[in-house]
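Here is a short tour of the model shown below. Have the viewer open and follow along as the residues come up.

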Amino acid sequence: NCKNVTITEGIFGEVWIDDKDQDFPDPMPKTIKSYTLLNTNRMEVVVITWGATIVSLKAPDKYGHSADIVLGFENMKGYSNPITNPFLGCILGRCANRIKDGHVTIRGKDYDLTKNDFNGKHHLHGGTNGFGRKIWDSYIAGCSVVMSYLSPDGEEGYPGAVLTTIRFKLNPDNKLDICMRATTSKPTIVNLSHGSMFNLAGHDAGESELRKHKVLLNCDRWTFADYTDPVPTGAVRGVGGTVMDFRIPRVLGEYMKKIPPGEGFDHNLCVTRSGQPGSTFVAKLWHVKSGRALEVYSDQRGVHLYTGGRLPPQVVPEFLSTYDLLKDIEEDEEQFEDHRSDEEDDDEEEMRVERRYKRTSKVPKKIEFISGKRGARYKKYCAFSIQPQNYPSAIHYSHFPCSILYPGQIYYHDLTYKFEVHLSNYM
């Protein structure tokens, strides 16, 4: 019954990409579609076909005022930039979270994946061009928006061709269902999640309001990771008596500063399940002043809590293509000109310019903020992400839930965001 929900299709923008399958060598523009889902409670969700990304999500507060509560960009220039867009609002895959050393072994065969995290040591969220940086096919099916993408064999180092389908459905009672399905042609790793970053006070409310959020997690254990390396060691520890214990509501800001080395939460916790199949309650977060509350339901065994400690992202030198992304190099240029003689031929000059570029490119520029929607400046600790998924690097530990998908099997993940309004602080 779609009488309480409307879906409007539109055009979000264009992006120029190199299509290896086309006959013409020049890049071709690809249209990015947008879909606006609106219900009678004035909740509005906008998704685009670039990475199956949630661009905006507007929900009313206890005074009836609607505000956008997810981080994002206004155009494709922001989303297509791999430096300033660290997986904001997109599908995380083919494998969400980290894989240690970017190396996996499946049925005795070794595979090296793209290393795009922790200074090029680990694999993160499917690689530099994972599912969140692909253009998905899309259509409207009844009350839902369906998107699909065929990942070819060998993409980002993964074996097997994987067909993934995502279904977005907004319900009249302010529930957003994100249903993920995948099949494969070869044994491979599949672990899908969604990377929306929330601030229930508003996407531009910043760190001060994020720290006022209250958090409740249905988790009694966590996958231990040393603070010097974010990948789990394989140990599973209880949360009792630690800063990971959110089994009763806690104020987020009081616990963020206690996480060594003071970078906030970027940890995976183990969901307490009843043993019954299907979705279960995972987490609840709410902002007392606005009254907005978010409940998360999922059928996955783990949930990753991230409080934006890596925003804005560190610029990786391999991605740098122009001097405007580097630190000020005027001093290096002056020294170069002083030592340059008129007798140098063109070849020697070209070699020296190349050496100078390699030297300066090792020093990445420090980005102060990410330019978001409506002039918002996204800085460190400006939002949180709650990502139900399998345990990180599960392929390396036999006692972690299996992350391998075989031909003939269907991977499924049902994720639900439920938005509520609390008229008073009852907890």
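## A pair of charges to start with

This is a predicted model, and a good place to begin is Glu207, which is partly exposed with a relative accessible area of 32%. Glu207 forms a salt bridge with Arg211, and their closest N and O atoms are 2.8 Å apart. Arg211 counts as partly exposed too, because its relative accessibility is 23%.

## Buried salt bridges

The structure holds 18 salt bridges. In one of them the side chains of Asp68 and Lys373 meet, at 2.5 Å from N to O. This pair links distant parts of the chain, 305 residues apart: Asp68 belongs to strand S5 (residues 66-68), while Lys373 sits in the loop between strand S25 (370-371) and strand S26 (377-378). Asp68 counts as buried at 12% relative accessibility, and Lys373 counts as buried at 6%.

Another salt bridge joins Asp117 and Arg98, with 2.7 Å between the closest N and O atoms. Asp117 is in the loop between strand S9 (109-112) and strand S10 (123-124) and Arg98 is in strand S7 (residues 98-99), so the pair ties together parts 19 residues apart in sequence. Asp117 is buried, with a relative accessible area of 8%, and Arg98 counts as buried at 2%. Both residues take part in a network of salt bridges with Asp266 and Arg310.

## The five-stranded sheet

Asp266 also leads us to a sheet, as strand S21 covers residues 266-271. The sheet is open, with five antiparallel strands in the order S19-S18-S21-S24-S27. Strands S19 (236-238) and S27 (385-389) stand at the edges with a single partner strand each, so one side of each has no neighbour in the sheet. On average, neighbouring strands are turned by 35° against each other, direction ignored.

Strand S21 pairs with S24 (residues 302-306) over five bridges. Along this pairing, Asp266 stands opposite Tyr306, and Asn268 has His304 as its bridge partner. Strand S21 also pairs with S18 (residues 219-223), over three bridges, with Cys219 opposite Val271. Six of the six residues of S21 are buried, so the strand is largely enclosed by the rest of the structure.

## Nonpolar cores

The largest nonpolar core has 61 residues, and Leu57 and Tyr417 have the most contacts inside it. Beyond four places away in sequence, Leu57 touches residues including Met43, Val45, Ile69, Leu176, Phe198 and Phe419, as well as Asp68. A second, separate core of 20 residues includes Phe12, Tyr79, Leu88 and Cys382.

Key
Residues are numbered from 1 along each chain as its sequence is written. This is a predicted model: local features need pLDDT of at least 70, side-chain atom pairs count only at pLDDT 80 or more; totals for chains, interfaces and linings use all residues. Side-chain values use heavy atoms; hydrogens and water are left out. A nonpolar core is a set of buried Ala, Val, Leu, Ile, Met, Phe, Trp, Tyr and Cys residues joined through side-chain atoms within 4.5 Å. Buried means under 20% relative accessible area, exposed over 50%, partly exposed in between (1.4 Å probe, protein chains only). Contact means heavy atoms within 4.5 Å. Two strands pair if DSSP finds at least two bridges between them. Helices (H or I, at least four residues) and strands (E, at least two) are DSSP runs, numbered from the N terminus. Axes are lines fitted to C-alpha atoms, for helices over the stretch in contact, and angles run from 0 to 180 degrees between N-to-C directions. A salt bridge is a side-chain nitrogen of Lys or Arg within 4 Å of a carboxyl oxygen of Asp or Glu.
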